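I opened this one with no background at all. These are my notes, in the order I looked things up.

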Amino acid sequence: MNHTGCLVNFKTEKPSYKVKHSVENPIEKQAIFPNHHEPIIDTETWERVQELRKQRKRPNRYDEVGLFSGMLFCADCGHVLYQQRYQNKNRKQDCYICGSYKKRTRDCTAHFIRTDLLTAGVLSNLRQVTEYAARHESRFVKLLIQQNEIGGKRKTAAATKQLEQAQTRIAEVNRIIKRLYEDNVSGKISDERFMELSADYEQEQRELKDRAAALQEELSKSQAATVNAEKFMGIVRKHLAFEELTPTLLREMIEKIVVHECSYDENGTRRQDIEIYYSFVGKIDLPEA
């Protein structure tokens, strides 16, 4: 059995009676029975955990697991950023750079970012999110939903009404086409007139079905946004009083971090943007205080 409620049989077998140890069967030889028992966690959370487990956890070249290992991505080429250290007589520096630039596999720039500045930036953003969620929980959940779906209750209600109207008209057009066919068979309308009218109604029907499908997709996103907002809120509640970044905190709350190349203003001040994508809900834009 597993955490999502599935019963899995024939996971292992013994090749022969002479072999003492069992070997794992390939997935195609296993028997899986969904909804066999009450799940401990839902399927989406389970899949998210499996994604996190796949992230690189082996020690790096410095014989340690980097805090941001497998989580940083280049904004321009999409490659993972690698940890890099520089040390001389005057200073010791820890940073991350684009994997494509480091390996020279693609034409990309370094996207160099110091680990201490990255840590401070991520920590600051996490604190802003958790503090806002603690003070305004219902408003925060509403904000997450609005930023990840069609835009709130009014638009959802409008989309639902439009979908109902489209479905009603589709049924009505079906009846009209059926009557036209019957009238044509009985000789009430000519073949030419039947072809002309039926072509118009069939075109309308295709457009209505396309519109209904688009509205249904919007509503599905709206429902998913509500579910995902509550999932993320569950994670936030666990970490409201955190003091420092830990691998567990980071990987539970954040899906990925996208690092942009730095730029300089007219005064020579360095600026670098990072985009934080939170688990289940993506980027979060908090209202200005």
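My entries below go through the sheets, the largest pocket and the salt bridges.

**Entry 1: what I am looking at**

I noted before anything else that this is a predicted model. I kept that in mind for each entry.

**Entry 2: a sheet of strands 6, 7 and 8**

I started with strand pairing. Strands of a sheet pair through backbone hydrogen bonds, either parallel or antiparallel. Which order do the 3 strands of the open antiparallel sheet take? I read it as 6-7-8. Strand 6 (81-87) and strand 8 sit at the edges, each pairing on one side only.

Next I checked the individual pairs. How many bridges link strand 6 and strand 7? I found 7 bridges, in the antiparallel sense. I also saw that strand 6 and strand 7 make a hairpin, with 4 residues between them. For one bridge in this pair, I wrote down Tyr82, whose partner in strand 7 is Ile97.

Then I went to the other side of strand 7 (residues 92-98), which is joined to strand 8 by 2 bridges and runs antiparallel to it. Here I picked out Tyr96, which stands opposite Ile113 of strand 8. I marked Ile113 for later, since I met it again in the lining of the largest pocket.

**Entry 3: a sheet of strands 5, 9 and 12**

I looked up another open sheet, which has 3 strands in the order 5-9-12 and mixed pairing. Its edge strands are strand 5 (72-74) and strand 12 (274-278), and each of them pairs on one side only. From one strand to the next, I noted an average twist of 25°.

I wanted to see where the mixed pairing shows up. Strand 5 and strand 9 are parallel, with 3 bridges. Strand 9 (residues 254-259) and strand 12 are antiparallel, with 5 bridges.

Which residue of strand 12 is the bridge partner of Val259? I found Ile274. Val259 came up in the parallel pair too, where Cys74 stands opposite it in strand 9. I also jotted down Ile254, which has Tyr278 of strand 12 as its bridge partner.

**Entry 4: the largest pocket**

How much space lies in the largest pocket? I got about 230 Å³. I listed its lining as Ile113, Arg114, Leu117, Leu118, Gly121, Arg270, Arg271, Gln272, Asp273 and Ile274.

I then asked which elements supply at least two residues each to this lining. They are strand 8 (113-114), helix 3 (115-135) and strand 11 (270-271). Helix 3 gives the largest share, 3 residues.

I sorted the lining by class as well, and got 4 nonpolar, 2 polar and 4 charged residues. Ile274, which I had written down as the partner of Val259, is one of the lining residues.

**Entry 5: salt bridges**

I turned to charge next. Side chains of opposite charge can pair when their charged atoms come close. How many salt bridges does the structure hold? I counted 10 salt bridges.

I began with Arg114, a residue of the pocket lining. It forms a salt bridge with Asp116, and the closest N and O atoms are 2.7 Å apart. Is Asp116 buried or exposed? I put it down as partly exposed, because its relative accessibility is 44%. Arg114 is partly exposed as well, at 32%.

Then I looked at Glu204 and Arg169, whose side chains meet at 2.7 Å, N to O. Glu204 belongs to helix 6 (residues 191-238) and Arg169 to helix 5 (residues 153-186), so this pair ties together parts that are 35 residues apart in sequence. I have Glu204 as partly exposed, with a relative accessible area of 24%. Arg169 is also partly exposed, at 24% relative accessibility.

Back at the pocket, I found that Asp273 and Arg271 meet in a salt bridge, 3.3 Å from N to O. Asp273 counts as partly exposed at 37%. Arg271 counts as exposed because its relative accessible area is 53%, and the cut-off for exposed is over 50%.

My last note is on a salt-bridge network: bridges with shared partners join Glu137, Glu230 and Arg237.

Note on methods. Residues are numbered from 1 along each chain as its sequence is written. This is a predicted model: local features need pLDDT of at least 70, side-chain atom pairs count only at pLDDT 80 or more; totals for chains, interfaces and linings use all residues. Side-chain values use heavy atoms; hydrogens and water are left out. On a 1 Å grid over the protein atoms alone, a cavity is a set of points where a 1.4 Å probe fits but cannot get out, and a pocket is an open set with protein on both sides within 12 Å along at least five of seven lines; lining residues have an atom within 4 Å of a point. Grid points are joined across faces, edges and corners, and a volume is the space filled by probe spheres set on the points. Ala, Val, Leu, Ile, Met, Phe, Trp, Tyr, Cys and Pro count as nonpolar, Asp, Glu, Lys and Arg as charged, and the others, Gly among them, as polar. A salt bridge is a side-chain nitrogen of Lys or Arg within 4 Å of a carboxyl oxygen of Asp or Glu. Buried means under 20% relative accessible area, exposed over 50%, partly exposed in between (1.4 Å probe, protein chains only). Two strands pair if DSSP finds at least two bridges between them. Axes are lines fitted to C-alpha atoms, for helices over the stretch in contact, and angles run from 0 to 180 degrees between N-to-C directions.
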